[in-house]
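Visitor: Could you walk me through the structure shown here? I have a few short questions.
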Amino acid sequence: MTCVTRISVVYANWCPHCVPTTVEPMKRYAAELGAELELIDIDVAEQRGDSLVREHGDWAHDYLIPQVFFEFDDGRIVHVMTGFSEGVEFTRRAVERLHESDFYGKLLQR
Amino acid sequence: MAISIVDAVRSKLSADTSCYGHCKSPAHHHMINGTEGQIACFSCGGGYVSRVVMYSAEDGTEQLKSFVSRTVNGVMEIRDEDIRVATRHPWEMGLEENSAGEVILREAYWTQHYRRTKSDDPARATLFRCESCGSLFMQPLNSAAATCTGCAHAGGGVQ
Ligand SMILES: [Zn+2]
Ligand SMILES: [Zn+2]
């Protein structure tokens, strides 16, 4: 596996699954991985968010947020998380589990 | 994958949520009979269905859409903006050691659109879950019977 150069978060300021639940930890993860953090506010940069979600994420007419993507130095963009309609607590746990995962652990060793 | 999708879902995604739009009580997760563990709904104590969720390995959006369309029997329009999809990775489900790291599940959600405007018809057709047999049925929002007509006629309804 190659290294992560950018974490992109498609989010909205009014959404509790996004702010602070996902955005704050992603700031730490990006720093830890030495990656750039790209925050894509769907109310500001709708087109950028739409194209990322359409090409690499969970696309729907009114898609779920947040959606998080890791971009690697070989150009690959990988979807790593979508918020949980089941509740903010689920989204919070998913953000934590990403950090605890072997997938993430291997990226840190780089 | 050692653990089936259904088991994963039951254990990880079946906690109560809040009833969406309709009331402030919790909505419980119920698997829908006859769907082989693929489709569930969240409904509150009043039987109002806030979400129908389809769990599958591939994108189940179209299947969910046709299931809900059949269920509402043309009485309600199933709109694309009420359908969303989410990819779940093994680590999110606490199943990382049982997988090779790929996607294990896709959730497609349909959200019942609960509007609150002055022009809303209080008797508009709404999707409910029968308290007695667990099936989904349509009835006017303001009638709010706890059981479907089949169960009510059989006298088996919990009133
Ligand atoms: Zn309710
Ligand atoms: Zn019934």
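Visitor: Is Arg92(A) buried, exposed or partly exposed, and what is its relative accessible area?
Guide: This is a predicted model. In it, Arg92(A) has a relative accessible area of 33%, and it counts as partly exposed because that value lies between the limits of 20% and 50%.

Visitor: Which residue does the side chain of Arg92(A) meet in a salt bridge?
Guide: Its partner is Glu96(A), at 2.3 Å from N to O. Both residues belong to helix α3 of chain A and are 4 residues apart, about one turn of the helix. Glu96(A) is also partly exposed, at 32% relative accessibility.

Visitor: How many salt bridges are there over all chains?
Guide: The structure holds 12. One of them joins Asp62(A) to Arg84(B), with the closest N and O atoms 2.7 Å apart. This pair crosses between chains, from a loop of chain A to strand β5 of chain B.

Visitor: Is Arg84(B) buried or exposed?
Guide: Arg84(B) is buried, at 16% relative accessibility, whereas Asp62(A) is partly exposed, at 38%.

Visitor: Turning to the metal, which residues are the protein donors of the zinc ion (ligand 2)?
Guide: The SG atoms of Cys130(B), Cys133(B), Cys148(B) and Cys151(B) serve as donors, lying 2.3 Å from the ion. Their spacing in sequence is C-x2-C-x14-C-x2-C.

Visitor: What is the geometry of the site of the zinc ion (ligand 2)?
Guide: The site is tetrahedral, with angles of 105 to 115° among the 4 donor atoms. For comparison, the ideal angle for four tetrahedral donors is 109.5 degrees.

Key:
Residues are numbered from 1 along each chain as its sequence is written. Chains are lettered from A and ligands numbered from 1 in the order in which they are written. This is a predicted model: local features need pLDDT of at least 70, side-chain atom pairs count only at pLDDT 80 or more; totals for chains, interfaces and linings use all residues. Side-chain values use heavy atoms; hydrogens and water are left out. Donors are N, O and S atoms within 2.8 Å of the metal (3.2 Å for Na, K and Ca); water is not among the atoms, so sites may look incomplete. Four donors count as tetrahedral if all angles lie between 85 and 135 degrees; four count as square planar and six as octahedral if opposite donors are over 155 degrees apart and all others between 65 and 115; anything else is irregular. A salt bridge is a side-chain nitrogen of Lys or Arg within 4 Å of a carboxyl oxygen of Asp or Glu. Helices (H or I, at least four residues) and strands (E, at least two) are DSSP runs, numbered from the N terminus. Buried means under 20% relative accessible area, exposed over 50%, partly exposed in between (1.4 Å probe, protein chains only).
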